[in-house]
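This briefing works through the fold, the buried positions, the charged pairs and the surface of one protein chain. Please keep the sequence and the structure in view while reading.

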Amino acid sequence: MDEKKQIPLRLSKALYTEVSKWAEDDFRSVNGQIEYLLTECVKRRKGNPLDKDDDEG
C-alpha cells in the first residue's frame, strides 16, 4: 500500500467552495477531489497513468 504524504494547503474561500460543490457532485470528500484532480492533471502532463491502489474517493 502506498504511503500518503500530508501537506498543508491554503485555498481561497471561493476556490474551496467550488471544489467542495464539485466533490459533492462526484460523491467524494474535498480531500479526495483534490487528490483526484491532481492525479488527472499529472496523468495528462506525463501522458501515462499513475498506479492507484485505492478508490478515488
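Helices, here, are DSSP runs of at least four residues (H or I), and they are numbered from the N terminus. With that numbering, Gly47, which comes just after H2, takes a positive phi of about 80°. The model is predicted, and its protein chain holds two helices and zero strands. Buried residues make up 14% of the 57 residues in the chain, and a search of the whole structure finds three salt bridges.

**Helices and their ends**

- Helix H1 has 13 residues, which at 1.5 Å a residue should span 18 Å, and the separation of its end C-alpha atoms, 18 Å, agrees with that expectation.
- Helix H2 has 17 residues and an expected span of 24 Å at 1.5 Å a residue, which again agrees with the 24 Å between its end C-alpha atoms.
- Just after H1, Phe27 takes a positive phi of about 60°, and Phe27 does so although it is not a glycine.
- As background to that backbone angle, most residues other than glycine have a negative phi.
- Phe27 is placed in the loop between H1 and H2, where its relative accessible area of 78% makes it exposed, the cut-off for that class being over 50%.

**Buried positions and the packing of the helices**

- Which residues of H2 are buried? They are Val30, Gly32, Gln33, Ile34 and Thr39, and the buried residues of H2 pack against H1.
- Arg28 lies in the loop between H1 and H2, and with a relative accessible area of 16% Arg28 is buried, since buried means under 20%.
- The side chain of Arg28 makes a polar contact of 3.1 Å with the side chain of Gln33, and Gln33 is itself one of the buried residues of H2.

**Salt bridges**

- In general terms, side chains of opposite charge can pair when their charged atoms come close.
- Lys4 forms a salt bridge with Glu35, in which the closest N and O atoms are 3.1 Å apart.
- Because Lys4 lies in the segment before helix H1 (13-25) and Glu35 in helix H2 (residues 30-46), this pair ties together parts that are 31 residues apart in sequence.
- The side chains of Glu35 and Lys4 are also joined by a polar contact of 3.1 Å.
- Lys4 counts as partly exposed at 49% relative accessibility, and Glu35 is likewise partly exposed, with a relative accessible area of 27%.
- A salt bridge also joins the side chains of Asp26 and Arg28, with 3.2 Å from N to O.
- Are the two partners of this bridge buried or partly exposed? Asp26 counts as partly exposed at 31% relative accessibility, whereas Arg28 is buried at 16%.
- Arg28 therefore takes part both in the salt bridge with Asp26 and in the polar contact with Gln33, while its relative accessible area of 16% places it among the buried residues.
- Glu40 and Lys43 meet through their side chains in a salt bridge of 3.1 Å, N to O.
- Since Glu40 and Lys43 are three residues apart in helix H2, about one helical turn separates them.
- Of this pair, Lys43 is partly exposed, with a relative accessible area of 23%.

**Surface**

- The protein chain exposes about 5300 Å², and carbon and sulfur atoms supply 51% of that area.
- Which residues form a nonpolar patch on the surface? The patch consists of Leu9, Leu11, Leu15 and Tyr16, which together have about 360 Å² of accessible area.
- Within this patch, Leu15 has its place in helix H1, and Leu15 is partly exposed, with a relative accessible area of 42%.

Definitions and conventions
Residues numbered from 1 in each chain as written. Predicted model: local features only at pLDDT ≥ 70, side-chain atom pairs only at ≥ 80, totals over all residues. Heavy atoms only, no water. Salt bridge = Lys/Arg side-chain N within 4 Å of Asp/Glu carboxyl O. Buried < 20%, exposed > 50% of the residue type's maximum accessible area, 1.4 Å probe, protein only. Areas by Shrake-Rupley, 256 points an atom, 1.4 Å probe, with all protein chains shown as cover. Expected span 1.5 Å × (residues − 1). Contact = heavy atoms within 4.5 Å. Polar contact = N/O pair within 3.5 Å; in protein donor to acceptor, adjacent residues only side chain to side chain. Patch = residues over 30% accessible without salt bridge, like charges linked within 9 Å, V, L, I, M, F, W, Y side chains within 5 Å.
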